[in-house]
Amino acid sequence: MTDQTRGQARATRRGLLGAAGAGGLGVAAGALAATRLQEPADAGPPPTVPGTISPYGAHQPGVTAATPRANRVVALDLRDDVDADGLGRLMRLWSGSIAAAALGRPAPADTARDLAQANVDLTVTVGWGYDAFDKVGLADARPAALVKVPSFAHDRLEKRWSGGDLMLLVGAADDTTVTHVLRRLLLDAEPFATLRWEQDGSWRGIGADQAPTTGRNLFGQVDGTGNLLPDDPLFDPTVWTKTPDWFAGGTTLVVRRISMDLDEWDTLTRAEQEASVGRDLDVGAPLTGTGERDDPDFAAEEDGRPVIAADSHMRLSHPDHNGGARILRRGLNYTTYDPATGQRDAGLVFCSFQADLGAQFVPIQRRLDQGDALNEWTTAIGSAEFAVLPGFAEGGWLGDTLLS
Ligand code: HEM
């Protein structure tokens, strides 16, 4: 197949799915989904079809994109001899590879060029760690919004999941693409940096009807409801950093690996599970309401006790109880099995984006550390923080506002 016919085939497939979405599940969609066991009787909302997300813009697109199915986050350490020029060379290389991958084209030196894949919602998000600025002689340029996350009483941090000078978050609707793109970017990085840690996480943000949904963590909780949507007037001030000038349009990211004790959680009653967060498990509604999007009523009482418990995760993390501080969360479910020990671990690769790490993430985390009911079944075992660079324009590159 030539590039042209391949493009036509894709356009046709997407056109058909689009038509099926607009006009109900007709012949076209039925024929395309030949292996489906049963079509829903009611066409329901339009199916979510992965597409191509532009790699260009004022912000890196992965921050606002819906959480994709497959995700990998890696941190790297800069080699000792890398200075600001070297960092700039790596950013140019990565920007070229990221733009090509997002558009479904092989990167220039790609030895597995057939793995390039369009229409998989691919995004790559790049960040620099706190110490990276010192290492390359750019300490003065470090955004004040990036501070080191302090240690907390409940933390049991392991070095193998913590820290790092550079961060890549690769996400897509398809794990093969994530694996290929990450491999390419790590090969680009070899002369400049070494891998420090790598974490995998999945998310199901699409319901049985193929419509976007909030998704659930491994406790079974609907997780992400409280997040602001990009069209909310509070979204921009919550997420995008404005200073220094070179960093305008960037943000900060905290990555916490939080182990979840699924076996202990299983021993709780459903009511106990729901009380620990303050939301029900059926649809994620606050315990004072019936719908996922209902506003919680923190003043409501039953038999003299608050319906949404004083130590519930939602009460303690809600903006009303944190002086209005908000964060943009992304949870990625992880699970590992170590054949040497027979040990399993599962939890959340918890990602938090915020304009100002010290003013937003830290006070919320402190409050949760002191009193969150969930602490009994959750333990942070990794922690890292990064300045997520502003986006780049076509012909530009990541970090060009500082390094060019
Ligand atoms: C494994 C660990 C965690 C689990 C299982 C968990 C689970 C949940 C669930 C089920 C909700 C309610 C639905 C929603 O609004 O998304 C929620 C809300 C929230 N969580 Fe977590 N969470 C975890 C860790 C954290 C951490 C580390 C932070 C921040 C430091 C955090 C901050 C928040 C915030 C800000 C909300 C929204 C509150 C609101 O606006 O109503 N969570 N979490």
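Which residues does Leu 166 touch, not counting residues up to four places away in sequence? They are Ala 75, Leu 76, Leu 78, Trp 128, Gly 129, Ala 132 and Ala 193. Let's see where that leads in this predicted model.

## The chain as a whole

The chain holds eleven helices and ten strands. Of its 404 residues, 39% count as buried. Among the contacts with a separation of 6 or more, 76% are made by residues 24 or more positions apart.

## The nonpolar cores

Leu 166, our starting point, belongs to the largest nonpolar core, which has 77 residues. Together with Trp 94, Met 167, Leu 168 and Val 349, Leu 166 is one of the residues that touch the most other members of this core. The helix that gives the most to the core is α3 (residues 84-102), with nine residues.

Another core lies apart from this one. It has six residues, including Val 277, Leu 287, Met 314 and Ala 373.

## Around the ligand

Now for the ligand, which has 31 residues around it. Those that come nearest are Gln 221, Thr 225, Gly 226, Ser 317 and Gln 365. Four elements give two or more residues to this shell: the strands β5 (251-260) and β9 (343-354), and the helices α9 (313-317) and α10 (361-371).

What is the make-up of the shell in nonpolar, polar and charged residues? The shell divides into 14 nonpolar, 13 polar and four charged residues.

## Helix α10

Helix α10 deserves its own look. Its buried residues are Phe 361, Val 362, Ile 364 and Gln 365. These residues lie on the same side of α10, because they cover an arc of only 165 degrees around the axis. They pack against β5, α9 and β9, and those three elements each give two or more residues to the shell around the ligand, as does α10. Gln 365 thus appears twice: as a buried residue of α10 and among the residues that come nearest to the ligand.

## Phe 219 in its loop

One more residue is worth a visit. Phe 219 sits in the loop between β4 (193-202) and α6 (235-239). Is Phe 219 buried or exposed? Phe 219 counts as buried because it has 23 C-beta neighbours inside 10 Å, where 20 or more are needed.

Leaving aside residues up to four places away in sequence, Phe 219 touches Met 260 and Trp 265. Met 260 is 41 residues from Phe 219 along the chain, yet their C-alpha atoms are separated by 7.9 Å.

Conventions. Residues numbered from 1 in each chain as written. Predicted model: local features only at pLDDT ≥ 70, side-chain atom pairs only at ≥ 80, totals over all residues. Near = placed C-beta within 6 Å. Nonpolar A, V, L, I, M, F, W, Y, C, P; charged D, E, K, R; others polar. Buried ≥ 20, exposed ≤ 12 C-beta atoms within 10 Å, placed from the backbone. Contact = placed C-beta atoms within 7 Å. Arc of directions from axis to C-beta. Core = buried A, V, L, I, M, F, W, Y, C linked by C-beta atoms within 7 Å.
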